[in-house]
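The exercises below go through pockets, cores, aromatic pairs and loops in turn. Each task is followed by a worked solution.

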Amino acid sequence: MAITGAAGLLAAWEAGLAAPPAGRALLLHRTARPDLDDRTLPELPVGEREADLFALRRTLFGERMQVRMDCAECGADMEFELDAGEFARTPGERPDPVVRVEHGGWRVAFRLPAVADLTAAARTPDPRAALLARCLVTAEHDGRAVTAADLPAAVQRRIAEAAEAADPAADVTLNVACPECGRATRAELDIASYLWTELDAWARDLLLDVHLLATAYGWSEPEILALSPLRRRYYLELCADV
């Protein structure tokens, strides 16, 4: 994964300030996968994007992720650590984009949903049915071609189970036991939102560093950003000692 420098990350952050959550997720994915264009990125399976964002997080901010959530039972504040590396995926681990299901006389080929599919389906009155119709490749019942609307509930459940097994990173759900009451709380981890919050804090801290160094030394922003983080920190310590 080729990661841009401080100037590139600041540019991505600036572009995302006025963007909706979906736009910020795309900006982060573009940063994680500079080898792909904006037409290709939304067509990747959702789990592949999530794994790419976990890999980006690990590269930018390290393995350990601090997560906080409230207990659904007693409201206690729970804080714990996750390992970003557990959710990242290497290029050789990309899933087969099509899953196949056989149930009774039904034979189905289903494409793993992509971000573009979820976005389009969400605009419809019945997102679940729309997603099934968009991602259905082929379907047969006793050798006769059928449509998504013909699939019974049991077959739809098999499709959902097969897709989840093939692309588990598409839905990272945490199940955390409360240290106060002992009850478990389930919550989805939105890595795009989590990573954007971290990037926003990093960018604002960096701009403050730029301001302090520019004031002390008269350097330009590009000159300051060209310094390594270690050298920037050293110069800031010198400023504080003056």
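Helices are DSSP runs of H or I with at least four residues, and they are numbered from the N terminus. The model is predicted.

**Exercise 1. Describe the largest pocket and find the element that gives the largest share of its lining.**

Step 1. Start with the volume: the largest pocket holds about 650 Å³ of space. Its lining has 23 residues, and those closest to the centre are Pro113, Leu131, Ala160, Ala163 and Glu164.

Step 2. Assign the lining to elements. At least two residues each come from H3, H4, H5 and helix H6 (153-166). H6 gives the largest share, five residues.

Step 3. Sort the lining by class: 15 residues are nonpolar, three are polar and five are charged.

**Exercise 2. Do the same for the second largest pocket, starting from its volume.**

Step 1. The space in the second largest pocket is about 440 Å³. Ala25, Arg49, Glu50, Asp190 and Ala192 are the closest to its centre among 21 lining residues.

Step 2. Helix H2 (21-32), H3, H4 and helix H7 (191-217) each contribute at least two residues to this lining. The largest share is that of H2, with five residues.

Step 3. By class, the lining of the second largest pocket has 13 nonpolar, two polar and six charged residues.

Step 4. Compare the lists of elements. H3 and H4 supply residues to the lining of the largest pocket, and H3 and H4 also supply residues to the lining of the second largest pocket.

**Exercise 3. Which residues of H4 are buried, and what do they pack against?**

Step 1. Apply the cut-off: a residue is buried if its relative accessible area is under 20%. In helix H4 (residues 115-122), the buried residues are Val115, Ala116, Asp117 and Ala121.

Step 2. Look for the packing partners. The buried residues of H4 pack against helix H3 (46-61), strand S4 (106-111) and helix H5 (127-135).

Step 3. Turn to H5, where Ala130, Leu131, Leu132 and Cys135 are buried. The cover over these residues includes S4, H4, S5 and H6. Leu131 is also one of the residues closest to the centre of the largest pocket.

**Exercise 4. Which residues of the largest nonpolar core touch the most other members?**

Step 1. The largest nonpolar core has 38 residues, and Phe54, Met65, Phe80, Leu82, Leu174 and Leu189 touch the most other members.

Step 2. Two or more residues of this core come from each of helix H1 (6-16), H2, H3, strand S1 (64-70), strand S2 (77-83), strand S7 (173-177), H7 and helix H8 (221-225). H7 gives the largest share, ten residues.

Step 3. Take Met65 as a case. Apart from neighbours within four places in sequence, Met65 is in contact with Phe54, Arg57, Phe80, Glu81, Leu82, Ala84, Leu189, Ile191 and Tyr194.

Step 4. Check for another core. A second, separate core has 19 residues, among them Phe110, Ala130, Leu151 and Ile159.

**Exercise 5. How many aromatic pairs does the structure hold, and which geometry do Tyr234 and Tyr235 show?**

Step 1. There are five aromatic pairs in the structure. In one of them, the ring centres of Tyr234 and Tyr235 are 6.3 Å apart and the planes make an angle of 65°.

Step 2. Planes over 60 degrees apart count as edge-to-face. The pair of Tyr234 and Tyr235 is therefore edge-to-face, at 65°.

Step 3. Tyr234 and Tyr235 belong to one aromatic cluster with Tyr217 and Trp219. Tyr235 is partly exposed, with a relative accessible area of 22%.

**Exercise 6. Place Glu73, Asp142 and Ala149 in their loops, and say whether each is buried or exposed.**

Step 1. Glu73 sits in the loop between S1 and S2 and is exposed, with a relative accessible area of 51%. Leaving out residues up to four places away in sequence, Glu73 touches Cys181 and Arg183. The C-alpha atoms of Glu73 and Ala184 are 8.2 Å apart, with their positions 111 residues apart in sequence.

Step 2. Asp142 lies in the loop between strand S5 (136-141) and strand S6 (144-145). Most residues other than glycine have a negative phi. Asp142 is not a glycine, yet has a positive phi of about 55°. Asp142 is exposed, at 62% relative accessible area.

Step 3. Ala149 is in the loop between S6 and H6, and is exposed with a relative accessible area of 73%.

Note on methods. Residues numbered from 1 in each chain as written. Predicted model: local features only at pLDDT ≥ 70, side-chain atom pairs only at ≥ 80, totals over all residues. Heavy atoms only, no water. Buried < 20%, exposed > 50% of the residue type's maximum accessible area, 1.4 Å probe, protein only. Contact = heavy atoms within 4.5 Å. Phe/Tyr/Trp six-rings, centres within 6.5 Å; stacked < 30°, edge-to-face > 60°. 1 Å grid on protein atoms, 1.4 Å probe; cavity = no way out; pocket = protein on both sides within 12 Å on 5 of 7 lines; lining within 4 Å. Points joined across faces, edges and corners; volume = space filled by probe spheres on them. Nonpolar A, V, L, I, M, F, W, Y, C, P; charged D, E, K, R; others polar. Core = buried A, V, L, I, M, F, W, Y, C linked by side-chain atoms within 4.5 Å.
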